[in-house]
Amino acid sequence: MGHSSLEKIIALQRNPENIRNLCILAHVDHGKTTLADCLVASNGIISSRLAGKLRYLDSREDEQLRGITMKSSAISLHFTQGEKEYLVNLIDSPGHVDFSSEVSTAVRLCDGAIVVVDAVEGVCPQTQVVLRQAWLENIRPVLVINKIDRLIIELKLTSQEAYAHLQKILEQVNAVTGTLFTSKVLEERAEKDSEEKESDLSGDQVYDWSAGLEEADDSNLYFSPDQGNVVFASAIDGWGFSIQQFAQIYSQRMGIRAEVLLKTLWGDFYLNAKAKKIMKGAQAKGKKPLFVQLVLDNIWSLYDAVVTRRDKEKVEKVVTSLGVKVMARDTRHSDPKVLLSAICSQWLPVSQAVLSMVCEKLPSPLDMAAERVEKLMSVGARRFDSLPEETQELKKAFLQCSSQENAPVIIFVSKMFAVDTKALPQPLTQEEIAQRRELARQRHADRMAADQSAADLAKYDSTTQDGQTAKQEENSKSLTVKEPKPEEDEQQKETFIAFARVYSGVVKRGQRVFVLGPKYDPAQGLSMVNTQGCTATDSVPEVPHLSCCTMGNLYLLMGRELEELEEVPCGNVLGIGGLEEYVLKSATLSTSPACPPFTPLNFEATPIVRVAIEPKHPSEMPKLVRGMRLLNQADPCAEVLIQETGEHVLVTAGEVHLQRCLDDLRDRFAKIEISASKPIIPFRETVIRPPKVDMVNEEMGKQQKVAIIHQVNEPRHEQIQEISHVDPSGLVTLTTPNRLATVSIRAIPLPEEVTRLLDGSLELIRTLEQVNMSLREGRSLDISTRTLEAIEGLKAKLEGLLQGRKWRNAVDRIWAFGPRRYGPNLLLNNVDSYQRPSVWQCLFKGNKPSKPAPQAALRDFDNSIISGFQLATLSGPMCEEPLMGVCFSVERWDIQASTPLQQQDSVEEDSISHESSEDSRAEGGSEMDEQGEGPAAGPNQAKRRPEAGPADCYGPVSGQLIAATKEACRQAFQAQPQRLMAAMYTCDIMATAEVLGRVYGVLGKREGRVLHEEMKEGTDMFIIKAVLPVAESFGFADEIRKRTSGLASPQLVFSHWEVISSDPYWVPTTEEEYLHFGEKADSANQALKIHERRPPP
Ligand SMILES: Nc1nc2c(ncn2[C@@H]2O[C@H](COP(=O)(O)OP(=O)(O)OP(=O)(O)O)[C@@H](O)[C@H]2O)c(=O)[nH]1
Ligand SMILES: [Mg+2]
């Protein structure tokens, strides 16, 4: 370790007031890691000559090779400012979109962030994303405008032009913050209003839309050099400054008070030399602003002397006047940049500027906002004040950030990362080594024993106890011969360390804590655990989503190295070993069972690129399986799944992420040769309204349209044919094999906006489902007003979009969303005789439903219809991909009641019953009580019901109905014109005018579409926004880079699904079409092309 000794850092860890936990955030390549290097060098961990070249925190080989960061990593730095000593726990994060989940894991553990912006590129897409992420986590940002040297050397701006340019960048950043702030204030105001509305229903108030905005204090929010939250820097040349520094320098030199300078150094002020006064209105009077005259001009002339003109004399003068020391070899160096950074890094060391800004402007762990604590503690739809009292008490612990012995320990693990076991600091003691060797021996012996032939085994069995030990010894002797490479050791190569932060209390090695799963409910936990007064040290009763673990080794994270610690007090970021069995990716740990699990991390990336993976040698399958499991744990975003076909599938956020995962799998986790399939392109299946024109753009008559539909209908499952019927309008009627139940279903395309709305509201719909579920189970969930309003808003929006005769009352008739109960497809109840409770029932709480349904109750097997719909929407008939934007309207549903009554006494003649199936118990819960139906008809019976349904040779009715509904949905789907939907990326490409044409060329070739193009102000760069099918995107970024000699590099972000207009099943029917498209019509059909590229389902 460098200058600051471990003892020093341990001492600093105890004083939370002087701790700063922060991360560096930015768009890709804006210079985060370079800046981190400068800060790291200030602690002597790396030499300052290497700062910016080493990229110390990019410890992976591929990070160094590609020049991009792929994971977030932390380092603890020591900083002295005047009397005060600070501990800065710094986390560098990646900027590439593929790794944005790593940003989420970093942001969660911090209280502040350094947002870096490239002075040439300005605010880029990821800059906006990271600002939003910081905002969502309630952490305070400061700004570093980096790469100012590029304005001088590349853009050759004058100091005055540069000033205007910097002003614009600042405006852009503040515009983003402003949008975030206003949306938040408006949201809060809405919440307050609705709370007021609840208490005061008189109503007649007039609202001013801007009310609240005026009251809210936003002065601290914006970035402004005079606020001290902006640093101008060139990390690569090692310099950076805030205007405070210049205010100090000039107040001494010019005899103007520093406070005055501080207010005027940035802005429209100029120096009136005669009057020796600072005046306003530099622009109007055509004067040089103070910032240009006193600050930028100095830097510009230094660059001019050192880099451009290489004027030795002038340089010497500057060096003496600045009072810096330059070594002779730097002066003689052939690269003038060496001399430049030698001068600048002494004159205006960037680490000094940034670290003092951070320590002054960013909050310490003691200043955590109450609002942030509540947000961390209230998961999903729950509101903070609905949590158990003991849980609410814990808020104090967060705010106090106490390291007292009796303070509850609360820790959040935001990711698990793998390190090479050899790189861990603790050399095992002799004893431990001996112990491990013994264990390995034992295992080896066991395996040898197991390998023996059956005959041997029999013999082995008959040997005496002594005989066995003798044999083991024999084995272990043979083991010692091959010792250096026992297989177990190889398997143990990667150790998982939890990337975590202590929010309360002191963590000690070997301590026992509770591991709180994301679904853990403190109310439930407390009732089960507290009665026995137990802590994590005792044997804990079985509580759902709660387990116990022992803290392994604790580590100080020092970039590439780890230092072992005995204990870590509150407010610090740390690494914890020994949790891999308990924590998959993230977790909340606490000594108190009252602690709620923290809200899940906000992930911005959608895993979308999938590949199937196979070992090169089939015998190595177990290693692959194990490797994939490790990879899944080590990556916050990667998903690993086994498909029904037995294929092992890896889902990643993008091409670069995929590559990194494959490398990790090959070199670290599985350590075998693997082969990965071409990326499997995901699709969605949908139906559309019958097209008005055919492939050769001819108007289609009604008859022809019907003909198309029928043509599609031909392939039919034979065994069902006899009991299914499709009418010309596309209504499919299907009867279960036992002929007791019949459903009629029609598929209707949803309007595009509705699909988009549903797709964008998945989280909300999921919450709605959870609420409905708990209502059905008879538990009432305290839902926050914000959630209720959001649900109400969704309903209103749907009502607004689903207009027209076809959709009358459709929103009230929604039966379910799917697949998985929250997808972008609808099941509608258009059965006239069936009134079931609404999916919106949580909105009717308190005030009665707007249209009280007379006998809203669930029928038996309601759930079977829903399940059938879920299955049908999960994999469609075209290529077994999920459906999107399809509405299934159930228009008839008959169940014959001629079922053996002795088995189900509570099912009434007409088959509508008020209790019975599991759902009705809860959904109709209140009614049951009103009717005074006791629990006698309740749970037990209800639970038994689905199985107890009349089973015949076709199996239980519920199952038959599921199958029938699913099949009816599929057939109804096929009765409409079917289309595939392709996943689309959006990308922002920055390119100069010279290479613009080539960028367009590549886009065009890959079926991309340019949405708009604009010139970036103050530069000669164009920004192009385009959409591109995911299917065409592989190699796109590389191709663009190559074609533009590295000048343009696009960031691909998943955006939406788009219908491919051509019909994959289309075949030419008329002579003209044969002529035009050929017999197989495969020349122009993009949908067919894609369809065929897929492996058969
Ligand atoms: N001209 C100039 N180049 C810089 C400056 N700071 C960084 N760079 C260069 O910008 C490139 C990217 O720097 P990094 O520090 O790796 O950027 P990053 O933000 O960490 O990138 P990711 O982690 O991949 O998002 C490197 O080639 C640096 O040398 C600077 O102040 N001026
Ligand atoms: Mg980086």
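**Cores, a magnesium site and a mixed sheet**

Leaving aside residues up to four places away in sequence, Ile114 touches Leu22, Cys23, Ile24, Leu25, Leu35, Val142, Val144, Val354 and Val358. The model in which these contacts occur is predicted, with an average pLDDT of 79 for the protein and 76% of the residues scoring at least 70.

Ile114 belongs to the largest nonpolar core, which has 106 residues. Together with Ile576, Leu589 and Leu650, Ile114 is among the members that touch the most other members of this core. Helix α15, residues 350–361, supplies the largest share of the core, 7 residues. Another core lies apart from this one and has 57 residues, including Ile152, Ala162, Leu166 and Tyr303. In soluble globular proteins, nonpolar side chains tend to be buried together.

The next site is that of a metal ion. Which residues are the protein donors of the magnesium ion, ligand 2? They are Thr33 and Thr69, each through its OG1 atom, lying 1.9 Å from the ion. The two donors come from distant parts of the chain, 36 residues apart. Thr33 sits in helix α2 (residues 32–41), whereas Thr69 is in the loop between α3 (61–66) and β2 (73–81). Are these two threonines buried or exposed? Both Thr33 and Thr69 are buried.

Further along the chain is an open sheet of 6 strands, in the order β25-β26-β27-β30-β29-β28 and with mixed pairing. At its edges are β25 (724–726) and β28 (814–818), each of which pairs on one side only. On average, neighbouring strands of the sheet are turned by 20° against each other, with direction ignored. Within the sheet, β26 (residues 732–735) and β27 (residues 741–749) are antiparallel and share 4 bridges. Thr735 has Thr742, in β27, as its bridge partner. Helix α34, residues 957–974, packs on this sheet and touches β25, β26, β27 and β30 (886–895). The direction of helix α34 makes about 35° with that of β27.

Two stretches call for caution in reading the model. Over residues 847–853 pLDDT stays under 50, and the model has 4 contacts beyond four places in sequence for this stretch. Residues 899–949 also have pLDDT under 50 throughout, and for them the model has 74 contacts beyond four places in sequence.

Notes:
Residues numbered from 1 in each chain as written. Chains lettered and ligands numbered in written order. Predicted model: local features only at pLDDT ≥ 70, side-chain atom pairs only at ≥ 80, totals over all residues. Heavy atoms only, no water. Donors = N, O, S within 2.8 Å, 3.2 Å for Na, K, Ca; no water. Buried < 20%, exposed > 50% of the residue type's maximum accessible area, 1.4 Å probe, protein only. Pairing = 2+ DSSP bridges. Axes fitted to C-alpha atoms, helices over the stretch in contact; angles between N-to-C directions. Contact = heavy atoms within 4.5 Å. Core = buried A, V, L, I, M, F, W, Y, C linked by side-chain atoms within 4.5 Å. pLDDT = per-residue confidence, 0-100.
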